[in-house]
Amino acid sequence: MLQNQPPSPPPRDNSTTFYFIAASISFSLLFLLSTTTSTATNTATTTTSPDPRLFPNPQYVVHNPNSPPFPSVPTIAYFITGSSGESSRIFRLLLSVYHPKNLYLLHLDRFAPQSDRDRLAFRVHGLPVFKAAKNVHVIDLLHILSYMPKDLNFVNHTSYIGWKEARRMKPIIVDPGLYLAEKTGMFYATQKRDFPSAYQLFSGSPTSVLNRKFVEFCVMGSDNLPRTVLMYLTNTPSSVLSYVPTIVCNSPEFKESAVNHNLQYASYYASSSESPRQLNGSDLQDMLRSGSAFATKFHYNDPILDHIDSEILGRSRGKVVPGGWCVGEMNNSCAEWGDANILRPGPGAKRLERRIVDLLSNGTFRTQQCLVE
């Protein structure tokens with residue numbers, strides 16, 4: 001029913017609906033959590049207010065009093081980083097996961113030439129919707145997260161170190177890249193480090209989906225644990241695999257928020273493999289059946305990416321993924337913008353919903369949290 005004098009809509013509260021996802025193109029065409037600090041290229045425009053068509057303040061609210069209230073739409077922050085020659089891969093990933101509600105921080109490391117940075121900035125500023133939203137700031141992903149508890153952290157984790165002990169944990173390395181401009185290999189010291197006694201080491205994946213409260217816990221330094229673990233892992237190989245799982249599972253405040261799955265599809269040649277294999281067209285059906293939000297890793301410009309863009313995401317070349325905020329003509333629907341809070345979940349949302357429901361309700365959610373083996 002249409003109410004003539006509805007109450008004013010509540011203010012937008014980004015502090016409680018903020019997810020942090022990071023992405024690395026050099027590792028895969030997906031999401032990679034990086035524990036290093038680096039200078040980023042912010043491509044947001046300098047004007048202050050986004051287009052009101054994307055974020056309207058309606059005078060009338062259509063509401064059925066017999067229906068439950070609409071959930072708040074979360075905001076997802078993406079840190080997408082790459083290296084030399086990867087500006088096109090960054091831009092392609094940006095188009096594939098774009099939504100006006102989100103925040104996107106694009107970064108090319110110091111090995112990327114200035115021409116790569118200029119090319120990326122030019123392509124970003126060339127899309128009108130990026131300028132309108134002021135957010136370069138996934139359509140189905142937003143829909144599912146709207147109905148989920150906002151305190152979950154999707155982190156692959158295990159306390160079983162096994163063969164990784166000799167290769168990743170005990171060696172001490174010196175990385176000249178921390179203080180030299182040129183790219184060189186790491187040096188290994190002859191000494192080996194002891195395992196810490198104040199906390200339990202965990203290992204996992206470089207990819208995580210984290211809530212805002214946990215990210216602030218790591219960044220703001222309200223507890224010694226994040227700094228302590230960071231210092232311990234500073235001179236270890238593949239420290240990115242251990243930092244987040246170790247902090248999550250040793251923090252009483254966040255231990256029960258851990259879901260032992262990072263919502264990413266990957267395939268390995270063997271269980272002992274350190275890195276996932278390259279995916280191709282033969283993996284498509286397995287990817288879809290998994291219900292995962294992301295997948296890794298792909299060859300550069302592999303034909304399967306074109307198939308995913310056109311057939312799964314419905315995205316045309318050079319355009320963003322269409323969503324409920326796109327109100328233009330069919331062939332170019334995102335050329336005109338509507339309310340960014342309107343979501344239009346597709347088949348992918350149903351697959352992801354089934355996956356998350358299975359993770360949270362199959363009886364193993366609590367029993368698989370931060371086990372010490």
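The torsion about the S-S bond joining Cys 326 and Cys 334 is about 80°, so this disulfide is right-handed. The structure is a predicted model, and in it the sulfur atoms of Cys 326 and Cys 334 lie 2.0 Å apart. How exposed or buried are the two partners? Cys 326 has a relative accessible area of 7% and is buried. Cys 334, with a relative accessible area of 14%, is buried as well.

A search of the whole structure finds two disulfides. Besides the pair just described, Cys 249 and Cys 370 are bonded, with their sulfur atoms 2.2 Å apart. Here the angle about the S-S bond is -75°, and the link of Cys 249 and Cys 370 is left-handed. Which parts of the chain does this link tie together? Cys 249 belongs to helix α8 (residues 243–250), whereas Cys 370 sits in the segment after α11 (347–361), so the bond connects parts that are 121 residues apart in sequence. Both ends are covered: Cys 249 is buried at a relative accessible area of 7%, and Cys 370 counts as buried at 5%. When the bonded cysteines are counted along the chain, the disulfides follow the pattern 1-4, 2-3. Another cysteine, Cys 218, has a relative accessible area of 19%; it counts as buried because the cut-off is under 20%.

The helix that holds Cys 249 deserves a look of its own. Helix α8 is mostly covered, with seven of its eight residues buried. These are Tyr 243, Val 244, Pro 245, Thr 246, Ile 247, Val 248 and Cys 249. What covers the buried residues of α8? The covering elements include the strands β4 (153–158), β7 (203–211) and β8 (258–259), together with the helices α6 (212–220) and α7.

Helix α7 (residues 224–233) can be followed in turn. Its residues Leu 225, Pro 226, Val 229, Tyr 232 and Leu 233 are buried. They lie on the same side of α7, because they cover an arc of only 130° around the axis. On the face turned away from that buried side, Asn 224 and Met 231 are exposed. The N-terminal end of α7 is capped by Asp 223, which places a side-chain oxygen 2.7 Å from the backbone nitrogen of Leu 225.

The view can now widen to the interior. In soluble globular proteins, nonpolar side chains tend to be buried together. In this model, the largest nonpolar core has 46 residues, and those with the most contacts inside it are Leu 94, Tyr 98, Phe 130, Val 320 and Trp 325. Two or more residues come from each of β2 (75–82), α1 (87–97), β3 (103–108), α2 (114–125), α3 (128–133), α4 (139–146) and α11. Which element gives the most to this core? That element is α1, with six residues.

Val 320 offers a good place to begin exploring this core on screen. Leaving aside residues up to four places away in sequence, Val 320 touches Leu 95, Tyr 98, Leu 127, Val 129, Phe 130, Arg 315, Trp 325 and Cys 334. The last of these, Cys 334, is the disulfide partner of Cys 326. Apart from the largest core lies another, of 23 residues, with Ile 161, Leu 201, Phe 217 and Leu 233 among them. Leu 233 is also one of the buried residues of α7.

How values were computed:
Residues numbered from 1 in each chain as written. Predicted model: local features only at pLDDT ≥ 70, side-chain atom pairs only at ≥ 80, totals over all residues. Heavy atoms only, no water. Buried < 20%, exposed > 50% of the residue type's maximum accessible area, 1.4 Å probe, protein only. Helix = DSSP H or I, 4+ residues; strand = E, 2+ residues; numbered from the N terminus. Arc of directions from axis to C-beta. Polar contact = N/O pair within 3.5 Å; in protein donor to acceptor, adjacent residues only side chain to side chain. Disulfide = S-S within 2.5 Å. Contact = heavy atoms within 4.5 Å. Core = buried A, V, L, I, M, F, W, Y, C linked by side-chain atoms within 4.5 Å.
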